[in-house]
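Here is a short briefing on a single protein chain. Read it alongside the sequence and the 3D view.

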Amino acid sequence: MIRVRYDDAQHHGDTAHALFDVALHTRLVTESADRFAYSVEHHLPAYLRSRAISRIKLASLTMVQGDPLEAVTIGNLALDDAGPVRSLRAADDLRELHRMAGPHGKLTEVQELRVRIRKTVGAVA
């Protein structure tokens with residue numbers, strides 16, 4: 001039997017995911033970023049995968065909303081978390097971050113993040 005812990009951190013992460021597409025595609029301000037940040041800060045160490053995915057999504061949202069340097073900082077922390085994680089979802093989310101960083105590709109920091117993502121997940125479409 002697998003035990004699943006559903007706590008405030010998980011709830012904030014799940015609701016942030018629900019709001020992510022709205023924030024991304026409509027450019028409306030949602031609680032998504034705040035909820036991802038809460039999730040990242042409150043996940044227990046045993047839930048490294050959940051924290052990594054929330055941090056990756058927060059980096060993507062931050063990138064799209066026009067703060068690429070902050071997104072790079074968050075993205076690098078996400079890669080630190082994701083390092084030992086062997087999750088297809090995390091890899092897909094990292095590829096999404098790579099694509100979202102593309103428009104800011106003239107910034108050295110963004111270029112370095114994109115290289116690190118490619119090294120972590122392999123080829124990026």
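## Charged pairs, core and helix packing

R35 is buried, at a relative accessible area of 18%. Its side chain meets that of E31 in a salt bridge, 3.0 Å from N to O. E31 is partly exposed, at 45% relative accessibility. The model behind these values is predicted.

**Overall make-up**

- The protein chain holds six helices and zero strands.
- From the N terminus on, the order of elements reads α-α-α-α-α-α.
- The protein chain has 125 residues, and 44% of them are buried.
- Take the contacts in the protein chain with a separation of 6 or more: 61% of them join residues 24 or more positions apart.

**Salt bridges**

- Side chains of opposite charge can pair when their charged atoms come close.
- The whole structure contains seven salt bridges. The E31 and R35 pair is one of them.
- R55 and D81 form another salt bridge through their side chains, at 3.0 Å from N to O.
- R55 sits in helix α3 and D81 in helix α4, so this pair ties together parts that are 26 residues apart in sequence.
- Both partners are buried: R55 has 13% relative accessibility, and D81 has a relative accessible area of 9%.
- The cut-off for buried is under 20% relative accessible area, so R55 at 13% falls within it, and so does D81 at 9%.
- R95 pairs with D92 in a further salt bridge, where the closest N and O atoms are 3.1 Å apart.
- R95 and D92 share helix α5 and are three residues apart, about one turn of the helix.
- R95 is partly exposed at 22% relative accessibility. D92 is also partly exposed, at 45%.
- R51, R55 and D81 belong to one network, joined by salt bridges that share partners.

**Nonpolar core**

- In soluble globular proteins, nonpolar side chains tend to be buried together.
- The largest nonpolar core here has 28 residues. Those that touch the most other members are F20, I56, M63, L94, L97, L113 and I117.
- Five elements give two or more residues to this core: α1 (8-26), α3 (48-64), α4 (68-82), α5 (88-101) and α6 (108-121).
- Helix α3 supplies the largest share of the core, with seven residues.
- Which residues does I56 touch, not counting residues up to four places away in sequence? They are A78, A90, D93, L94 and L97.
- Among these partners of I56 are L94 and L97, which are also listed with the core members that touch the most others.

**Packing of α5 and α6**

- Two packed helices are described by the angle between their axes and the distance between the axes.
- The axes of α5 and α6 come within 10 Å, with a crossing angle of roughly 155°.
- Angles over 145 degrees count as roughly antiparallel, so α5 and α6 are roughly antiparallel to each other.
- The α5 and α6 crossing is left-handed.
- On the α5 side, the residues that meet α6 are A91, L94, R95, L97, H98 and A101.
- On the α6 side, their counterparts are V110, L113, R114, I117, R118, T120 and V121.
- R95 thus appears twice: in the set that meets α6, and in the salt bridge with D92.

**Packing of α1 and α3**

- What angle do the axes of α1 and α3 cross at? They cross at roughly 25° and come within 11 Å.
- Angles under 35 degrees count as roughly parallel, so α1 and α3 are roughly parallel to each other.
- The crossing of α1 past α3 is left-handed.
- In α1, the residues meeting α3 are Q10, G13, H17, F20, A23 and L24.
- In α3, the matching set is S50, I53, S54, K57, S60, L61 and V64.
- F20 is in this set, and F20 is also among the core residues that touch the most other members.

**A closer look at S50**

- S50 is found in helix α3.
- Is S50 buried or exposed? S50 counts as buried, at 16% relative accessibility.
- Leaving aside neighbours within four places in sequence, S50 is in contact with Q10 and H43.
- Q10 is one of the α1 residues that meet α3.

Methods: Residues are numbered from 1 along each chain as its sequence is written. This is a predicted model: local features need pLDDT of at least 70, side-chain atom pairs count only at pLDDT 80 or more; totals for chains, interfaces and linings use all residues. Side-chain values use heavy atoms; hydrogens and water are left out. A nonpolar core is a set of buried Ala, Val, Leu, Ile, Met, Phe, Trp, Tyr and Cys residues joined through side-chain atoms within 4.5 Å. Buried means under 20% relative accessible area, exposed over 50%, partly exposed in between (1.4 Å probe, protein chains only). Helices (H or I, at least four residues) and strands (E, at least two) are DSSP runs, numbered from the N terminus. Contact means heavy atoms within 4.5 Å. A salt bridge is a side-chain nitrogen of Lys or Arg within 4 Å of a carboxyl oxygen of Asp or Glu. Axes are lines fitted to C-alpha atoms, for helices over the stretch in contact, and angles run from 0 to 180 degrees between N-to-C directions. Angles under 35 degrees count as roughly parallel, over 145 as roughly antiparallel, 65 to 115 as roughly perpendicular and the rest as oblique. A crossing is left-handed if the near helix is turned anticlockwise from the far one by less than a right angle, and right-handed if clockwise.
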